[in-house]
Amino acid sequence: MILQSFYIYHMIEVYTDTYFMKKAYEEAQIAAEEGEIPVGAIIVCQNQIIAKAHNQTEVLLDVTAHAEVMAITSASSYLGSKFLEDCVMYVTLEPCVMCAGAIKWARVGRLVYAASDDKNGFMNYGKEVLHPDTKLEFGVMHDECSQIMKDFFKSKRGR
């Protein structure tokens, strides 16, 4: 009985917003190692990660190669659908307006982001930028995801 309770507890614990945000954070770390702005995104459907991505604007020489856009493309291909209503996107930084538009048009069911982006984030324009049915959560792993951004830009400035 104790062993069964242990497994049930840990099965439930695995599928938390923090668990999935840690996976997005791993993608942000890859981006940082590649010299990209450290943003990571994953898309989850039925507690299964179906897409992982990180910023690739430098390596692809493409200003639209944000983690969110790359993840949407991958998830849509995986599901064979342009709509992601049954999916959750986890992203380490508040999406920009371009990415929020992509999230809207893909009809992502739920968006969870970690750190806010007061300068370029979509919330400067209000939640209305997203699809009306998209549920929004933020602040999961805020401190860690804010710190990786601060460290990245600090290293770029040489201080």
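1. A quick definition before the pocket numbers: a pocket here is an open set of grid points where a 1.4 Å probe fits, with protein on both sides within 12 Å along at least five of seven lines. By that criterion, the largest pocket comes out at about 390 Å³ in volume. Keep in mind that this is a predicted model.

2. Who lines that pocket? There are 18 lining residues, and Ile37, Leu93, Asp117, Asn120 and Met149 sit nearest the centre. If you're setting up chemistry for the site, the lining splits into eight nonpolar, six charged and four polar residues.

3. On to the sheet, with β4 (residues 110-115) as the place to start: six of its six residues are buried, so the strand counts as mostly covered. One neighbour is β3 (residues 87-93), which runs parallel to β4 and is joined to it by five bridges. Getting from β3 to β4, the chain passes through helix α5 (residues 97-106), and this β-α-β crossover is right-handed.

4. The other pairing to look at is β4 with β5 (residues 135-138), again parallel, with four bridges. Arg110 is a handy landmark in β4: Val88 stands opposite Arg110, and in β5 the bridge partner of Arg110 is Lys135.

5. Last, the packing. The largest nonpolar core contains 43 residues, and Met21, Ile43, Leu84, Met89, Tyr90, Leu111 and Phe122 have the most contacts inside it. Elements giving two or more residues to this core include α2 (17-33), β1 (40-45), α4 (67-79), β4 and α6 (142-157). The top contributor is β3, with six residues.

Note on methods: Residues are numbered from 1 along each chain as its sequence is written. This is a predicted model: local features need pLDDT of at least 70, side-chain atom pairs count only at pLDDT 80 or more; totals for chains, interfaces and linings use all residues. Side-chain values use heavy atoms; hydrogens and water are left out. Buried means under 20% relative accessible area, exposed over 50%, partly exposed in between (1.4 Å probe, protein chains only). Two strands pair if DSSP finds at least two bridges between them. A crossover is right-handed if, with the strands pointing away from the viewer, the path from the first strand over the helix to the second runs clockwise. On a 1 Å grid over the protein atoms alone, a cavity is a set of points where a 1.4 Å probe fits but cannot get out, and a pocket is an open set with protein on both sides within 12 Å along at least five of seven lines; lining residues have an atom within 4 Å of a point. Grid points are joined across faces, edges and corners, and a volume is the space filled by probe spheres set on the points. Ala, Val, Leu, Ile, Met, Phe, Trp, Tyr, Cys and Pro count as nonpolar, Asp, Glu, Lys and Arg as charged, and the others, Gly among them, as polar. A nonpolar core is a set of buried Ala, Val, Leu, Ile, Met, Phe, Trp, Tyr and Cys residues joined through side-chain atoms within 4.5 Å.
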